[in-house]
Amino acid sequence: MAAREIDLFAVCPAGTIERGGAKGFSLARIDGGGESRPFPIVVVRTFDNDFFGYINRCPHDGVWLNVGGGEFFSADRSFLRCGRHGAIFEIDSGYCIDGPCNGRLLEPIAITVKEGEVCLCGVKLLEDNRPSDWLEDSDETMAIAIHPD
Ligand code: FES
């Protein structure tokens, strides 16, 4: 495998996330020592059709927001919610407004939608031999190797 630098990396077709929905991805990135490290992310699509991306890790105790029941949202879907202790986060800022990490932030990731694909911005990937359509066959637990920024 040879490393190459790209500006955008397509994660999934934007249409696969419904308005008012979210999708988690278990990515992996390579640290400076060449070790693979978990890089869980969540991509949120608002009812107004904006997209936001965060590291899928509660700043309080580090668990995935959708731990347990697999749900990312508060009951009315207007906030992100940690499934373990119930911290509530603003969708557009990642700011925690209630819960054990009140006042702290989810870690944002840079994403954009280009040609109908949700893309990570500014990441370095490993080239490999996967077919070009492999993402479409992957489920939400797919692993993708990403070099550090
Ligand atoms: S791990 Fe989410 S509020 Fe504690």
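## An all-strand model, from hairpins to loose ends

Strands β3 and β4 run antiparallel and are joined by 10 bridges. A word on terms before going on: strands (E, at least two residues) and helices (H or I, at least four) are DSSP runs numbered from the N terminus, and two strands pair if DSSP finds at least two bridges between them. Residue numbers start from 1 along each chain as its sequence is written. What you are looking at is a predicted model, where local features need pLDDT of at least 70, side-chain atom pairs count only at pLDDT 80 or more, and totals for chains, interfaces and linings use all residues.

Back to that first pair. β3 and β4 make a hairpin with five residues between them, and G34 in the turn has a positive phi of about 85°. Along the pair, K23 stands opposite V43 in β4, and R29 stands opposite R37 in β4.

β4 also pairs with β5, again in the antiparallel sense, over five bridges. R45 has F51 in β5 as its bridge partner. This is another hairpin, with five residues between β4 and β5. N49 sits in the loop between β4 (36–45) and β5 (51–55), and its phi is positive, about 75°, although N49 is not a glycine. Most residues other than glycine have a negative phi. N49 is exposed, with 10 other C-beta atoms within 10 Å. For the burial words, the program places C-beta atoms from the backbone and counts the others within 10 Å of a residue's own: 20 or more is buried, 12 or fewer is exposed, and in between is partly exposed.

R77, in the loop between β5 and β6 (79–81), also has a positive phi, about 60°, without being a glycine. R77 counts as partly exposed, with 16 C-beta neighbours inside 10 Å. R57 is found in the loop between β5 and β6 too, and is partly exposed with 19 C-beta neighbours inside 10 Å. Leaving aside neighbours within four places in sequence, R57 is in contact with P40, G62 and W64; a contact here means C-beta atoms, placed from the backbone, within 7 Å. The C-alpha atoms of R57 and V67, 10 residues apart along the chain, are separated by 9.7 Å.

Here are the three loop residues together.

| Residue | Loop | C-beta atoms within 10 Å | Class |
|---|---|---|---|
| N49 | β4 to β5 | 10 C-beta atoms | exposed |
| R57 | β5 to β6 | 19 C-beta atoms | partly exposed |
| R77 | β5 to β6 | 16 C-beta atoms | partly exposed |

Next comes a three-stranded open sheet in the order β6-β7-β8, with antiparallel pairing. β6 and β8 (96–98) stand at the edges with a single partner strand each, so one side of each has no neighbour in the sheet. Neighbouring strands of this sheet are turned by 40° against each other on average, direction ignored; the axes are lines fitted to C-alpha atoms (for helices, over the stretch in contact), and angles run from 0 to 180 degrees between N-to-C directions. β6 and β7 (residues 88–90) pair over three bridges, and the bridge partner of F79 is E90 in β7.

What about the inside? The largest nonpolar core has 26 residues, and those with the most contacts inside it are I41, V42, V43, V44 and L80. Such a core is a set of buried Ala, Val, Leu, Ile, Met, Phe, Trp, Tyr and Cys residues joined through C-beta atoms within 7 Å. β3 (21–30), β4, β5 and β11 (117–121) each supply at least two residues of this core, and β4 gives the most, with five. V44 touches A22, F51, F52, L80 and I91, not counting residues up to four places away in sequence.

Stepping back, the protein has 13 strands and zero helices. Buried residues make up 22% of its 149 residues. Of the contacts with a separation of 6 or more, 51% are between residues 24 or more positions apart.

How far to trust all this? The average pLDDT (the predictor's confidence in each residue, from 0 to 100) is 81, and 78% of the residues score at least 70. Confidence is highest in β7, at 98, and lowest in strand β13 (residues 145–147), at a mean of 50. Over residues 125–143 the pLDDT is below 50, and this stretch has 24 contacts in the model beyond near neighbours in sequence. Where pLDDT is low, the predicted coordinates should not be read in detail.

Terms used:
Contact = placed C-beta atoms within 7 Å.
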